[in-house]
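Here's a quick briefing on salt bridges and one helix. Have the structure open while you read.

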Amino acid sequence: MPTETATVRTALLSPPFTELSYGLPEYLPPEAFFVGQRVVVPLGRGRRAGVISAFERKPAGAAPEGFTLKNLIWPLDRVSLLSPAYLDLARTMADRHADYLGRILGSMLPAGLRSPGPCLRFFDDDGILDLRPADLAGLPGDRLRALGELWMSGRAEVRRPGVSPLDALLYFPASDPPWPMRPAAKARLAVLEFLLEKGPSSRRAILNALGKKAGATLTALTREGLTRAGPADPEAAEDDAPRQGNAPAAGAPCFDLTPRQKAIFDELLRTTGEGAQSRLLFGVTGSGKTAVYLELARAVIASGRSVLLLAPEVALALKLRDEADAVLPPDMPPPDRRHLFHGYQSAAARERVFRLLAGDRNGRPRLLVGTRSALLLPLENIGLIVMDEEHDSSFKQDEGFINYQAKEVAWYRAHREGALLLLGSATPDLKSFHAARQGLVPLHTLRDRFGGSLPEARIVPLLSGGGAEHGLLAPESVAALNDVVQRGEQAVILLNRRGYAPVIYCLDCRKTFRCPECDISLAYHKGREKLVCHYCGWSAVFPSPCPSCGNLNFLPLGEGTEKLEESLETLLPPGAGILRLDRDSTRRPGRMGEILSAFARKEASVLVGTQMLSKGHHFPDVTLAVIADADMGLNLPDYRAAERTFQLILQTSGRSGRGVKNGQVLIQTRDPGHYCWDYVLRADYEGFFERELELRRRRLYPPFTRLALIRITHEAGLAAGAEAATALGRSMRQKAKELGVILLGPAPAPLPLLKGRMRRHCLLKGDNWQNFRLLYMHAEEAAKGGVLTLRLDLDPVNML
């Protein structure tokens, strides 16, 4: 009988991401390898990092004729980095999205853990020997066996590559643009623009992007104080975001729970001992949902289990972290078991948190606060997962390698851990609230604002051209802002459009500046003196000659947060103080916290911003909220357009009147008769829910069906692309009919050209996720080897 050979299935963490079978090397015994362990494997003439996903037993010589089974090169972990539960999570996500396990793991693991190039250090009788995995290929067999013995005896370790001087520091601009330099200083401007756009970057990253000459430029900028540098080592530089400065003393509750909050807390606490549960906490803005979260977190940690607190945006995660630090006693859990995790941290900081959690198999109680990516960390012994502002679209990842809905991942993890999943919002996702109304998710309600009443809202009709002499702001809004400033109070203004002007119009040739990669109007950013595409990042210096006629006669059209901030300086009393909170103003490390802290200290009377200011922030002296352009999202080609507009405006309204003084809200609109405003004025979420639910029932949209998008792209200008998409559509329609799936398309996407690629959408409706996957796999097979690229998005959030 043929003997069996031990082989391992290994999921590659970089392209092609497939799972491949490898043999075990002769110089290491089988007990050196584990499922969930990272290993270095050969692929072609190179090497890849992979994760062992399974052990196999195959008959000797089972490889197809003409093929030789290659062996693993070396393990990168002494024990499994990833637990069986973590691998199961990755497999479940791969199955759901019809994707490779390696691609999913490659998205979940920090960049440093996906590299095949760490240093192997061996300690033998002659001293220390450092080798890279690539060096092992040239060693004789007896030398490899000796190294294997050192590994098995514990006299070897995997070390991160030494930190090069090129990587030791991260550079960033010392101030926001405009910078004090001549327009002709192109090399300096290029470095500053790169750092502003990419965030804190190492010298190596700057040189790779801009060339070797950028090194001298960077040195000069740093010497002159125009750039700064901080250590890349996360041990040397903990999170640099300053606290907001208005949190209570550590260990003290923010305030006593009201009887209603206490009743909900008691009921939720009972469920934490009853296995996996899901609950929806629906409470008006300012009703004290965070107090319930934190008291519940305190109790769960005291019981010996871990807590995961999730927020949709970094600013809210930082705020939640501050409040947790204030409310929880210093030893519940101790500081070394409290973690912050979000995508704006350095790669080294994220890897450090991942390793800490992966290495703790004792399940000691921890507190983890972060954005959606924190759900993909190997935290164990979870007793509570809180998703604050659960309705927010930021909880859906629709860029990068994989698409995933954080609520689905949170539900899976709560189910596996026997934990409580608590969803909270003043404006729940319509599907979540429908599930609660159907009895699928128990509902808890906080109808009263803590310590006050909801603000009074009213409609301010806008002229067709905006607010006349005051730009976007109507005279009534300007008068209200001046009254607030003169009373020593504060106001927030929402304008969900960053930059100075969204369109630059040439008065001579009557054309607008458009992105050459996306065919979309370029936004003017005055401080940066640039035109920028908000979709692909393409930019051009401005002012510059019109690309159509060569003249310099322009008119900025529309208004962004940058222009609104400038306009307010002339509309408000001198010394009023104006701050801006948007993606542009918060690019520098720590800047977001600085802006929020300054506003909390009343260093400014008015805070202008995009949706970043709409949720979660508590400023007791804010008595006025102005929605500068309420119509902006209402007419988007998205069945959720009205829901998202309602949520954004109601959330922003909730920033007003949170202290002892009453608040007011002014909603500027060109369509005062829209049905959405009736419900906004009454803060009537449940009424809006009933109206919107009936519209979706009639038009067959969620929650009355399931949706998926198959996004089809090809290179722009490729005639064969359109023909291939048409042929693929015919094939898909036939398969959709067999599967009972309603297929609409392929049709041009609302944004038909992005980043130099033509885009088409196929919208799928049905009652079975698996049928969507089957249709997608059929389409992938039909398009294989052609010019089309396909991507599946289950339950899409971004319909553009």
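**Salt bridges and helix α13**

Let's start with an end point: Arg698 is exposed, at a relative accessible area of 62%. Keep in mind that this is a predicted model. Across the whole structure, a search turns up 54 salt bridges, and a few of them are picked out below.

**A pair within one helix**

- Arg698 has a salt-bridge partner in Glu694, with 3.8 Å from N to O.
- Both residues sit in helix α18 (residues 685-699), 4 residues apart, so about one helical turn separates Arg698 from Glu694.
- Glu694 comes out as partly exposed, at 33% relative accessibility, whereas Arg698 is exposed.

**A pair that links distant stretches of sequence**

- Glu489 and Lys661 make a salt bridge too, and their closest N and O atoms are 3.8 Å apart.
- Glu489 is in the loop between α13 (475-486) and β22 (490-494), while Lys661 is in the loop between α16 (641-653) and β31 (664-669), so this pair ties together parts that lie 172 residues apart in sequence.
- Buried or exposed, what is Glu489? Glu489 is buried, because its relative accessible area is 9% and the cut-off for buried is under 20%.
- Lys661, on the other hand, is partly exposed at 32% relative accessibility.

**A buried pair and its network**

- Arg587 and Asp584 form a salt bridge whose closest N and O atoms are 3.3 Å apart.
- Here both partners, Arg587 and Asp584, are buried.
- Which residues join Arg587 and Asp584 in a network of salt bridges? The others are Glu193, Glu197, Arg498 and Arg528.

**Helix α13, just before the Glu489 loop**

- α13 is 12 residues long and spans 17 Å from first C-alpha to last, close to the 16 Å you'd expect at 1.5 Å a residue.
- Its buried residues are Ser477, Val478, Ala480, Leu481, Asn482, Val484 and Val485.
- Those buried residues pack against the strands β21 (456-461), β22, β29 (606-609), β30 (622-627) and β31, and also against helix α14 (561-571).
- β22 and β31 may ring a bell: the loop holding Glu489 runs between α13 and β22, and the loop holding Lys661 runs between α16 and β31.
- After α13 comes Gly488, which has a positive phi, near 80 degrees.

Definitions and conventions
Residues numbered from 1 in each chain as written. Predicted model: local features only at pLDDT ≥ 70, side-chain atom pairs only at ≥ 80, totals over all residues. Heavy atoms only, no water. Salt bridge = Lys/Arg side-chain N within 4 Å of Asp/Glu carboxyl O. Helix = DSSP H or I, 4+ residues; strand = E, 2+ residues; numbered from the N terminus. Buried < 20%, exposed > 50% of the residue type's maximum accessible area, 1.4 Å probe, protein only. Expected span 1.5 Å × (residues − 1). Contact = heavy atoms within 4.5 Å.
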